[in-house]
Amino acid sequence: MNVLVVYCHPRTDSFVHALKETVVAALGKAGHKVALADLYAENFQPVLTAEERLNYHDLEKNRVGIESEIERLQQAQALVFVYPTWWYGLPAMLKGWFDRVWAPGVAFDINGGVIRPLMGNIETVAVVTTMGAPWWFSWYMAHPGRMFLSRGVRAMCKPGCRFLWRGLGRMDSRTHEQRTAFLEKVRRTFEKF
């Protein structure tokens, strides 16, 4: 399976970086073809400019400057997002990736106000994330990041698209042993992916 791993964290010494390394290695061990979109390392520009917004519905012009991102996305059969949950949602860099790359004619069509999904190549969406909040507070906040990915993004994918979530709450107070156990859980998950 062609898997696009979209990784978003500014530091290479972070626990989220270790999660990304674990995911990529486990997917490779399982025999998947892995493409990595490391948004910070690639200096992805997340801001939708005024000109890009003007051309948002122009199916030729809205691809300018993001052709390689679109190509990776369209070749994928599965997406794995690895990121820290900040303020209960996606980091701005990752949200900007969606704003710019998941454009009309790429992720969806709008015809007469009706949205038609175009990401039928995506069979699975998976998330590996950390959260500072405890699980119950994330639940209280209605998991905005999880809802965006499990409902909004998945709705643009193949009907019946599978969704997988691996999250570690209370990240700031976790022990080395707890973080190691979570890394092992992630490794096992993606070796069976």
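**Exercise 1. Find how long helix α1 is and whether its span is close to or far from the expected one.**

Solution. Helix α1 covers residues 15–29, which gives 15 residues. From its first C-alpha to its last, α1 reaches 21 Å, and this is close to the 21 Å expected at 1.5 Å a residue. The model behind these values is predicted, and every value in these exercises is computed from it. Immediately after the helix comes G31, whose phi is positive, at about 95°.

**Exercise 2. List which residues of α1 are buried, and state which elements cover them.**

Solution. Begin with the residues themselves: F15, V16, H17, L19, K20, T22, V23, A26 and L27 of α1 are buried. Next, look for what lies over them; the cover includes the strands β1 (2–7), β2 (33–38), β3 (78–85), β6 (124–131) and β7 (162–168), together with the helix α7 (176–191). When you read the list of buried positions, it helps to recall that an α-helix has 3.6 residues a turn, so residues three or four places apart point the same way.

**Exercise 3. Decide whether H17 is buried or exposed, and name the residues that it touches.**

Solution. First locate the residue: H17 is in helix α1. Then compare its relative accessibility with the cut-off: because the value for H17 is 16% and buried means under 20%, H17 counts as buried. Finally, leaving aside residues up to four places away in sequence, H17 touches Y7, R11 and T12.

**Exercise 4. Describe how α1 and α7 are arranged, and work out which residues make their contact.**

Solution. Start from the geometry: the two helices, α1 and α7, pack at an angle of about 30°, and their axes are 8 Å apart. Since angles under 35 degrees count as roughly parallel, α1 and α7 are therefore roughly parallel to each other. Their crossing is right-handed. On the side of α1, the contact is made by F15, A18, L19, T22, V23, A26, L27 and K29, while α7 contributes R179, F182, L183, V186, R187, F190 and E191. Sorted by class, this contact has 10 nonpolar residues, one polar residue and four charged residues.

**Exercise 5. Two residues other than glycine, Y88 and A142, have a positive phi; find where each one lies and how accessible it is.**

Solution. Take Y88 first, whose phi is near 70°. Y88 lies in the loop between β3 and α4 (92–101), and at 24% relative accessibility it counts as partly exposed. Turn next to A142, whose phi is also near 70°. A142 is found in the loop between α5 (135–140) and α6 (144–153), and its relative accessibility of 44% makes it partly exposed.

**Exercise 6. For M1 and for R53, set the separation in sequence beside the separation in space.**

Solution. M1 is placed in the segment before β1 and, at 35% relative accessibility, counts as partly exposed. Along the sequence M1 and N62 are 61 residues apart, and in space they are 28 Å apart, C-alpha to C-alpha. Not counting residues up to four places away in sequence, M1 touches H32, K33, Q77, A78, E123 and F193. R53, in turn, is in helix α2 (residues 50–54) and is partly exposed, with a relative accessible area of 45%. R53 and D99 are 46 residues apart in sequence, and their C-alpha atoms are 9.8 Å apart in space.

Note on methods: Residues numbered from 1 in each chain as written. Predicted model: local features only at pLDDT ≥ 70, side-chain atom pairs only at ≥ 80, totals over all residues. Heavy atoms only, no water. Helix = DSSP H or I, 4+ residues; strand = E, 2+ residues; numbered from the N terminus. Expected span 1.5 Å × (residues − 1). Buried < 20%, exposed > 50% of the residue type's maximum accessible area, 1.4 Å probe, protein only. Contact = heavy atoms within 4.5 Å. Axes fitted to C-alpha atoms, helices over the stretch in contact; angles between N-to-C directions. Parallel < 35°, antiparallel > 145°, perpendicular 65-115°, else oblique. Left-handed = near helix turned anticlockwise from the far one by under 90°. Nonpolar A, V, L, I, M, F, W, Y, C, P; charged D, E, K, R; others polar.
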